Amino acid sequence: MIITNFSKHRNEFKEQKVLKTKPHWQGQNLSDTTLKSKDPKIQDPAPDGSIVNNLNRGRVAIFIDGLNLFHTALQLGIEIDYVKLLCHLTNGSRLLRAFFYTGVDISNEKQQGFLLWMRRNGYRVVAKDIMQPAENFKKSNLNVEIAVDMITLAPYYDTAVLVSGDGDLAYAVNAVSRMGVRVEVVSLQTTTSESLIDVADCFIDLDSIKTYIQKDSHLGYSYRTPSNSNL
């Protein structure tokens, strides 16, 4: 697993945040781990596949850019197991909330069933109707929603896990960092904005943890559409 950490000199602008329980990561230098590479930003993978090893992250909030993760999974050639993903990102820490942001096509029953399943399995789904501009290309951007939630909830969590490589979120990451929050960015390194990596406290390459979050080939989700649910 590839974890990128940054020195205190690059984050000296951050303000201290008073926590009910002071996490062990305050004052702990992750770069003390023996490195294979001469680059001090690169750590050895944790032997058990943990996202962060020997680190008290306090209360954790997870923010997943659904569309960004979908395209990343396509590039990696895997299908995400969202139960495994949630467990891996939480990694035994106290979870405040896990958000999943996505555009929605109301005519797509399969997608509606998937989002219902997500709500029933630990995620707070934030959805926006997919817009269809004149060029007939459907798109939906939820960066504003992600940024607002990260900032407004910052007083209630100690570590933010942002699953996205979109550089437009760098300003929001910088904002919550100044409030004393630790920010972990999880994305595919080859497609992640350098500006986002630069403002994060820790970067985890999805390619290095794909074994732990991909769906088993012989298993499938029991997605239910609203028409056959008990709601």
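In the predicted model, helices H1 and H7 pack at an angle of about 90 degrees, and their axes lie 11 Å apart. Angles of 65 to 115 degrees count as roughly perpendicular, and H1 and H7 are therefore roughly perpendicular to each other. On the H1 side, the residues that meet H7 are Leu69, Thr72 and Leu76. Their counterparts in H7 are Leu206, Asp207 and Lys210. By type, the residues of this contact comprise three nonpolar, one polar and two charged.

Two of the H7 residues named above are also paired with each other. Aspartate 207 and lysine 210 form a salt bridge, with 3.3 Å between the closest N and O atoms. The two residues are three places apart in helix H7, so about one helical turn separates them. An α-helix has 3.6 residues a turn, so residues three or four places apart point the same way. Neither end of the pair is classed as buried: aspartate 207 is partly exposed at 36% relative accessibility, and lysine 210 is partly exposed with a relative accessible area of 27%.

The chain as a whole contains seven helices and seven strands. Read from the N terminus, the order of these elements is β-β-α-α-β-α-β-α-β-α-β-α-β-α. The chain has 231 residues, of which 48% count as buried. Among contacts with a separation of 6 or more, 71% are between residues 24 or more positions apart.

Helices H1 and H7 also contribute to the largest nonpolar core, each with at least two residues. This core has 30 residues, and those touching the most other members are Ile64, Tyr82, Leu85 and Tyr123. Further elements that each supply at least two residues include strand S2 (59-65), helix H2 (82-90), strand S3 (94-104) and helix H3 (109-120). Strands S5 (159-163) and S7 (202-205) do so as well. The surroundings of leucine 85 illustrate how the core is assembled from separate stretches of sequence: apart from neighbours within four places, leucine 85 is in contact with Ile64, Leu69, Ile80, Tyr123 and Ile213. A second core, separate from the one just described, has 25 residues, among them Tyr101, Met150, Ala154 and Leu162.

Strand S2 also contains alanine 61. Burial is assigned under 20% relative accessible area, and alanine 61 is buried because its value is 0%. Beyond residues up to four places away in sequence, alanine 61 touches Leu96, Arg97, Tyr157, Thr159, Ala160 and Val161. Although alanine 61 and valine 183 are 122 residues apart along the chain, their C-alpha atoms are separated by 9.8 Å.

Helix H5 (residues 170-178) is mostly covered, with seven of its nine residues buried. These buried residues are Ala170, Ala172, Val173, Asn174, Ala175, Val176 and Ser177. The elements covering them include H4, S5, strand S6 (182-187) and helix H6 (194-199). Just after H5, glycine 180 adopts a positive phi of about 95 degrees.

Side chains of opposite charge can pair when their charged atoms come close. Six salt bridges were found in a search of the whole structure. One of these joins lysine 128 and glutamate 145, with an N to O distance of 3.2 Å. This pair links distant parts of the chain, 17 residues apart: lysine 128 belongs to strand S4 (residues 124-129), and glutamate 145 to helix H4 (residues 143-152). Lysine 128 is partly exposed, with a relative accessible area of 27%, and glutamate 145 is likewise partly exposed, at 23%.

A salt bridge in a buried setting is formed by arginine 182 and glutamate 184, whose closest N and O atoms are 3.3 Å apart. Arginine 182 has a relative accessible area of 6% and is buried, while glutamate 184 counts as buried at 0% relative accessibility. Through salt bridges that share partners, Arg57, Arg182 and Glu184 are joined into one network.

How values were computed: Residues are numbered from 1 along each chain as its sequence is written. This is a predicted model: local features need pLDDT of at least 70, side-chain atom pairs count only at pLDDT 80 or more; totals for chains, interfaces and linings use all residues. Side-chain values use heavy atoms; hydrogens and water are left out. A nonpolar core is a set of buried Ala, Val, Leu, Ile, Met, Phe, Trp, Tyr and Cys residues joined through side-chain atoms within 4.5 Å. Buried means under 20% relative accessible area, exposed over 50%, partly exposed in between (1.4 Å probe, protein chains only). Helices (H or I, at least four residues) and strands (E, at least two) are DSSP runs, numbered from the N terminus. Contact means heavy atoms within 4.5 Å. Axes are lines fitted to C-alpha atoms, for helices over the stretch in contact, and angles run from 0 to 180 degrees between N-to-C directions. Angles under 35 degrees count as roughly parallel, over 145 as roughly antiparallel, 65 to 115 as roughly perpendicular and the rest as oblique. Ala, Val, Leu, Ile, Met, Phe, Trp, Tyr, Cys and Pro count as nonpolar, Asp, Glu, Lys and Arg as charged, and the others, Gly among them, as polar. A salt bridge is a side-chain nitrogen of Lys or Arg within 4 Å of a carboxyl oxygen of Asp or Glu.
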